[in-house]
Amino acid sequence: MKKIITSGILCMLMFMFQGCLKDTCTRTYTMYKPIYKTAAEVRANIKSNAPRAVEKPGKLVVLGNYIFLNELDKGVHIIDNTNPSAPVNKHFIDIPGNVDIAVKGNILYADLYTDLVTLDISNPAAVQVTKVIDDVFEHRRYMNFLPDTGLIIVDWIKKDTTITNDCNISFGPRSDVMFAFASAQAGGSAASPAVGVGGSMARFTIKNNYLYTVTDLALNVFEISNATNPIYRRKVQVGWGIETIYPFGEHLFIGSTTGMFVFGTANPEAPNLVSSFSHARACDPVIADGQYAYVTLRTGNFCAGFTNQLDVINIQNISAPSLLKTYQLVNPHGLAKSGNILFVCDGAGGLKVYNAADPLNLVLMQTITGIDTYDAIALHDIVLVVAQDGLYQYNYSDPAKLVLLSKIARN
């Protein structure tokens, strides 16, 4: 009894200062355990395999009657789009860690985590690897996690774990949690009809005999005069928070979390900075049409911004871009332009269709709701839209009344 009383008194005294009983908190973590295969096993399986369902669509490229659609961190869907009203999911190329693609003629370029893979797609049913360049994409490395030497992560086992502990304990990054990275290209030119057209969220783009890719900090230059044998030429420092690249005319428009950079390609092997335009910190894809650049800014986990808007920038003097007008949006991502029609993927706000004949007075003609949109490509009266749940195609002959042609969406 004496010990109990003494203990109680001590507890009361301690409570006066910091509390006898500690507050407890529960935290739920999503744990990811990697599944490995050897590099030899992975590379042997980079080929045309059976089609698989579209689950987590990402970047896309369109060339001729084919759509090449990235499945986030898994590979590339090959879709026969001869009839846009009834596209056929034909094959799947297994490429672990793939998030970016570009196509020129019969050659497809894709990232495999930190590596660049070159594939011959002349026969979509029998795709073959022609070259792999190791370790050129530093931004695709893992934070606080290094995969086993000689092995490649091909999938993850997901497990939710709840931990109860002292609320005052700070939990830092865990070594067994996978971190996401980076953020599809636009504007195949008339001079290069064999170059696939991509969307505005691209980190890969092709101009003539060069493949340009962006990492978080730099612009990489690969010569592809021999398309099956790309040669890494150089790295050009850009800034930080680099997200997207968009080719137009003789320039490369590079979007970052803090602004837009314009690089000239007079010397295609060594692009030079022509100008830049700064904005508030936010995620930032960009497209251009010669007179104006259109930049969407959005909040996001890795953007740390508080802005959701569309900026119209005057680039008639390419050396001194200037802001013309800002339009408020919900959570804009990618965008595309065809003539005077501007398509904006406004995230959960759906697809917005504007008459952009006067950039200072954009007229909203239609909003397609019910889809969480990511990026778009507009070609031949058809706009392809990547949404959270799949790929949609709309006819925009009447831009005020888009007609849904087809969708390839997860069940």
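Okay, so let's start with the open sheet: four strands, in the order 21-22-23-24, paired antiparallel. Strand 21, residues 286–288, and strand 24, residues 322–328, sit at the edges with a single partner strand each, so each has one side without a neighbour in the sheet. From one strand to the next, the twist averages 20 degrees. Keep in mind that this is a predicted model.

Let's zoom in on one pairing there. Strand 23, which covers residues 309–314, runs antiparallel to strand 24, and six bridges join them. If you want a spot to click on, D311 stands opposite T326 in strand 24.

Now zoom out to the whole chain. We have two helices and 32 strands. Of the 411 residues, 50% count as buried. The chain exposes about 18700 Å², and 54% of that comes from carbon and sulfur atoms.

On to the aromatics. How many aromatic pairs does the structure hold? Seven. Take F343 and Y396: the ring centres are 5.0 Å apart and the planes are at 70 degrees, so this pair is edge-to-face. This pair links distant parts of the chain, with the two residues 53 apart. F343 is in strand 26, residues 341–345, while Y396 is in the loop between strand 31 (390–395) and strand 32 (403–409). Are these two buried or exposed? F343 is buried, because its relative accessibility is 0%, and Y396 is buried too, with a relative accessible area of 5%.

Compare that with Y392 and Y394, an aromatic pair that is stacked, with 6.4 Å from centre to centre and 10 degrees between the planes. Y392 counts as buried at 6% relative accessibility, and Y394 counts as buried at 6% as well.

There's also a cluster to look at: F137, F204, F222 and Y232 form one aromatic cluster. And for the cation people, R52 lies over the face of F92, 4.5 Å from the ring centre.

Last stop, a polar residue in a loop. Where is N81? You'll find N81 between strand 5 (75–80) and strand 6 (88–94). Its relative accessibility is 11%, and the cut-off for buried is under 20%, so N81 counts as buried. What does N81 touch, leaving out residues up to four places away in sequence? The contacts are N65, I67, P87 and Q393.

How values were computed: Residues are numbered from 1 along each chain as its sequence is written. This is a predicted model: local features need pLDDT of at least 70, side-chain atom pairs count only at pLDDT 80 or more; totals for chains, interfaces and linings use all residues. Side-chain values use heavy atoms; hydrogens and water are left out. Buried means under 20% relative accessible area, exposed over 50%, partly exposed in between (1.4 Å probe, protein chains only). Accessible areas come from the Shrake-Rupley method with a 1.4 Å probe; for residues, only the protein chains shown count as cover. Two strands pair if DSSP finds at least two bridges between them. Axes are lines fitted to C-alpha atoms, for helices over the stretch in contact, and angles run from 0 to 180 degrees between N-to-C directions. Contact means heavy atoms within 4.5 Å. Rings of Phe, Tyr and Trp (its six-membered ring) pair if their centres lie within 6.5 Å; planes under 30 degrees apart count as stacked, over 60 as edge-to-face and the rest as tilted. A charge sits over a ring if NZ of Lys or CZ of Arg is within 6 Å of the ring centre and within 35 degrees of the ring normal.
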